[in-house]
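The exercises below are meant to be worked with the sequence and the model side by side. Try each task before reading its solution.

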Amino acid sequence: MLSSKELCDLIAKGGVVADIKGSTINEVYENFTRKINLPDGLYADVLNKELIERENVLSTAVGKGIAIPHPRKQLIHNPSDERIAVCFPKEQISMQSPDSAPVFAFFVLLTYTSQSHLAILSTLAALVQNKDFVDLLKTKPNQKALFDAIKMYCNN
């Protein structure tokens, strides 16, 4: 598990973007990959392609309106390039969620190792169990509000 500071640092690198246009998952992915902060050498079209390929294998929707998209293969080559982009679509998106809930928040993971990937997943899984945190995500919080909530609800 990550500390709230580590999680916030990763999100600060990836950014928080709201009102992403699109009525399908492919449209939303195409639009948010062009708006998030990517590391040098990683291009939006490459990330978009990889996320769609991953989504075609198995939905990254985890329930409660949350999805955690990530590429199947490593796209970054330096641990300092790891990041999480938080994206809020303009309209909720229907995905193959285990609870059939439409997705209103995406945590896009770019990780360097499977170990860091699992640590992030574990931390996010714990956070989204908190109803107050999920309710806050529904409001499409800005980065400061999101970080305040992470600091409040993240089990350190």
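Is Lys49 buried, partly exposed or exposed, and what is its relative accessible area? Lys49 is partly exposed, with a relative accessible area of 46%, where buried means under 20% relative accessible area, exposed over 50% and partly exposed in between, computed with a 1.4 Å probe on protein chains only.

Before going on, note that this is a predicted model, in which local features need pLDDT of at least 70 and side-chain atom pairs count only at pLDDT 80 or more, while totals for chains, interfaces and linings use all residues. Residues are numbered from 1 along each chain as its sequence is written, and side-chain values use heavy atoms, with hydrogens and water left out.

**Exercise 1. Find the salt-bridge partner of Lys49 and describe the surroundings of that partner.**

Step 1. Lys49 forms a salt bridge with Glu50, and the closest N and O atoms are 3.9 Å apart; a salt bridge is a side-chain nitrogen of Lys or Arg within 4 Å of a carboxyl oxygen of Asp or Glu.

Step 2. Glu50 lies in helix α3, which covers residues 44–57, helices (H or I, at least four residues) and strands (E, at least two) being DSSP runs numbered from the N terminus.

Step 3. Glu50 is buried, with a relative accessible area of 5%, whereas Lys49 is partly exposed.

Step 4. Not counting residues up to four places away in sequence, Glu50 touches Pro71, Lys73 and Leu75, a contact being heavy atoms within 4.5 Å.

Step 5. Salt bridges that share partners join Lys49, Glu50, Glu53 and Lys73 into one network.

**Exercise 2. Place the pair Asp9 and Lys5 within its helix, and set it beside the pair Lys138 and Asp135.**

Step 1. Side chains of opposite charge can pair when their charged atoms come close.

Step 2. The structure holds 9 salt bridges, and one of them joins the side chains of Asp9 and Lys5 at 2.7 Å, N to O.

Step 3. Asp9 and Lys5 are separated by about one helical turn, because they are 4 residues apart in helix α1 (residues 4–14).

Step 4. Asp9 is partly exposed at 37% relative accessible area, while Lys5 counts as exposed at 55%.

Step 5. In the other pair, Lys138 forms a salt bridge with Asp135, the closest N and O atoms being 3.7 Å apart, and Asp135 counts as partly exposed at 27% relative accessibility.

**Exercise 3. Describe the largest pocket by its volume and its lining.**

Step 1. The largest pocket has a volume of about 180 Å³. On a 1 Å grid over the protein atoms alone, a pocket is an open set of points where a 1.4 Å probe fits, with protein on both sides within 12 Å along at least five of seven lines, and lining residues have an atom within 4 Å of a point. The volume is the space filled by probe spheres set on the points.

Step 2. Of the 13 residues that line this pocket, the closest to its centre are Pro71, Lys73, Gln74, Thr111 and His117.

Step 3. β5 (105–110) and α4 each supply at least two residues of the lining.

Step 4. The lining divides into 5 nonpolar, 6 polar and 2 charged residues, with Ala, Val, Leu, Ile, Met, Phe, Trp, Tyr, Cys and Pro counted as nonpolar, Asp, Glu, Lys and Arg as charged, and the others, Gly among them, as polar.

**Exercise 4. Trace the surroundings of Ser116 and then of Val28.**

Step 1. Ser116 is found in helix α4 (residues 114–127) and is buried, with a relative accessible area of 17%.

Step 2. Leaving aside neighbours within four places in sequence, Ser116 is in contact with Glu82 and Thr111.

Step 3. Val28 has its place in helix α2 and counts as buried at 0% relative accessibility.

Step 4. With residues up to four places away in sequence again not counted, Val28 touches Ile20, Lys21, Gly22, Pro89, Ile93 and Phe106.

**Exercise 5. Locate Asp19 and Lys140, and state what is notable in their phi angles.**

Step 1. Asp19 lies in strand β1, and its phi is near 60 degrees, a positive value in a residue other than glycine.

Step 2. Lys140 is found in the loop between α5 (131–137) and α6 (143–153), and phi of Lys140 is near 55 degrees, likewise a positive value in a residue other than glycine.

Step 3. Asp19 counts as partly exposed at 41% relative accessibility, and Lys140 counts as partly exposed at 27%.
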